[in-house]
Amino acid sequence: MPYTVDNRPANFREQMYFPEILQGLKIAARHFFKNLFFSRDANPDFLERDRSLNWVATLQYPEERVTYPPGYRGLHRLVPREDGKPRCVACYMCATACPAQCIYIEAGEYADDPVEKYPVKFVIDEMRCIVCGFCVEACPKDAIRMDSGEHAPPSYDRAAQIWDEQRLLRGPPISYQNDPWLRRGSPSISPEKLEEMRARARPFPTVATDEASQTPGFSVRALAQEAKERGEGR
Ligand code: SF4
Ligand code: SF4
């Protein structure tokens, strides 16, 4: 509901100052006791919590986190192809479009593919990033996304905010029917496997939408949890 600003001139009681101070104290005390003894917020985004032990709804970050809404520009990821390689062809368009100049790429050539390039190095300084999303918009290959639902994790070390290609390449693979590598094939992929991959590929969206640039259900948090359970947590 939009908030309406009340611009009417102060009346005599308000001009006396003290009644308004008491009014403010009354509101603060009401919220204080409500927070102390009752559940303050029924926000379903909050993680499950035993309300019999903790009635206060203040989010205990980082143990508890809200789920960001769809379309939230989170941490970048380099989208993998069906064969696990990055979709990125090292065209530098994202680095060129980046107003913060925080993307660094070095291009290389595949040994088994005479046409396509790939990023030997792909580094994003998440500390410098202003989360504008221009890199995602500029990419002609749908190779970089910000659909992780995560912001840059806090750290004491600046170097920890510099994400390289190994950290960035994650999440579900995406392949499109008109992907040149998928049509050409590769000596390292068997013909049967290639047919399987082609069958899974989807048409390239003709109109870019928020929905098209999101991977439903994908969350780096879920991936991190899985890695933690496997004992691979960072
Ligand atoms: S979101 Fe903006 S600032 Fe961040 S890497 Fe992409 S283009 Fe650069
Ligand atoms: S992420 Fe996209 S825009 Fe950036 S270099 Fe790779 S293919 Fe080009």
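Helices, of at least four residues, and strands, of at least two, are taken as DSSP runs and numbered from the N terminus. With that convention in hand, the fold of this predicted model can be read from one end to the other: the order of elements is α-α-β-α-β-β-α-β-β-α-α-α-α. In total the chain holds 8 helices and 5 strands. Of its 234 residues, 15% are buried. Among contacts between residues at least 6 apart in sequence, 68% link residues at least 24 apart.

A good place to begin the tour is the N-terminal part. Helix H1 spans residues 12–15, and the loop between H1 and H2 contains Tyr17. This residue has a positive phi of about 75°, although Tyr17 is not a glycine. Tyr17 is also exposed, because just 9 other C-beta atoms lie within 10 Å, and a residue counts as exposed at 12 or fewer. Helix H2 then covers residues 18–37. From the first C-alpha to the last, the 20 residues of H2 reach 28 Å, close to the 28 Å expected at 1.5 Å a residue. H2 is hardly covered, with a count of 0 buried residues.

The next stop is the sheet. Strands of a sheet pair through backbone hydrogen bonds, in either a parallel or an antiparallel way. Here, 3 strands make an open sheet with the order S2-S3-S5, and the pairing is antiparallel. Strand S2 (103–109) and strand S5 (162–163) stand at the edges with a single partner strand each, so one side of each has no neighbour in the sheet. S2 and S3 are joined by 7 bridges, and within this pairing Ile103 stands opposite Ile124 in S3. On the other side, strand S3 (residues 117–125) is linked to S5 by 2 bridges. There, Asp125 has Ile162 of S5 as its bridge partner.

Two loops deserve a closer look. Val89 sits in the loop between strand S1 (77–78) and helix H3 (93–97). How buried or exposed is Val89? With 19 other C-beta atoms within 10 Å, Val89 is partly exposed, because a residue needs 20 or more to count as buried. Leaving out residues up to four places away in sequence, Val89 touches Glu116, Lys117, Tyr118 and Lys141. Of these, Lys141 is 52 residues from Val89 along the chain, while the C-alpha atoms of the two are separated by 7.8 Å. The second loop, between helix H4 (134–138) and strand S4 (144–145), holds Asp142. Asp142 has a positive phi of about 50° without being a glycine. The surroundings of Asp142 include 19 other C-beta atoms within 10 Å, so Asp142 is partly exposed.

Further along the chain, Arg200 belongs to helix H7 (residues 191–200). Which residues does Arg200 contact, leaving aside neighbours within four places in sequence? The partners are Glu82 and Ser175. Ser175 is 25 residues from Arg200 along the chain, and their C-alpha atoms are separated by 7.6 Å. Arg200 counts as partly exposed because there are 13 C-beta neighbours inside 10 Å.

Finally, the model includes ligands, and the residues around two of them can be described. Ligand 1 is surrounded by 14 residues, of which the closest are Cys98, Cys129, Cys132, Phe134 and Cys135. By class, this shell has 13 nonpolar residues, 1 polar residue and no charged residues. Around ligand 2 there are 13 residues, and Cys88, Cys91, Met93, Cys94 and Cys139 come nearest. The shell of ligand 2 divides into 12 nonpolar, no polar and 1 charged.

Key: Residues numbered from 1 in each chain as written. Chains lettered and ligands numbered in written order. Predicted model: local features only at pLDDT ≥ 70, side-chain atom pairs only at ≥ 80, totals over all residues. Contact = placed C-beta atoms within 7 Å. Near = placed C-beta within 6 Å. Nonpolar A, V, L, I, M, F, W, Y, C, P; charged D, E, K, R; others polar. Expected span 1.5 Å × (residues − 1). Pairing = 2+ DSSP bridges.
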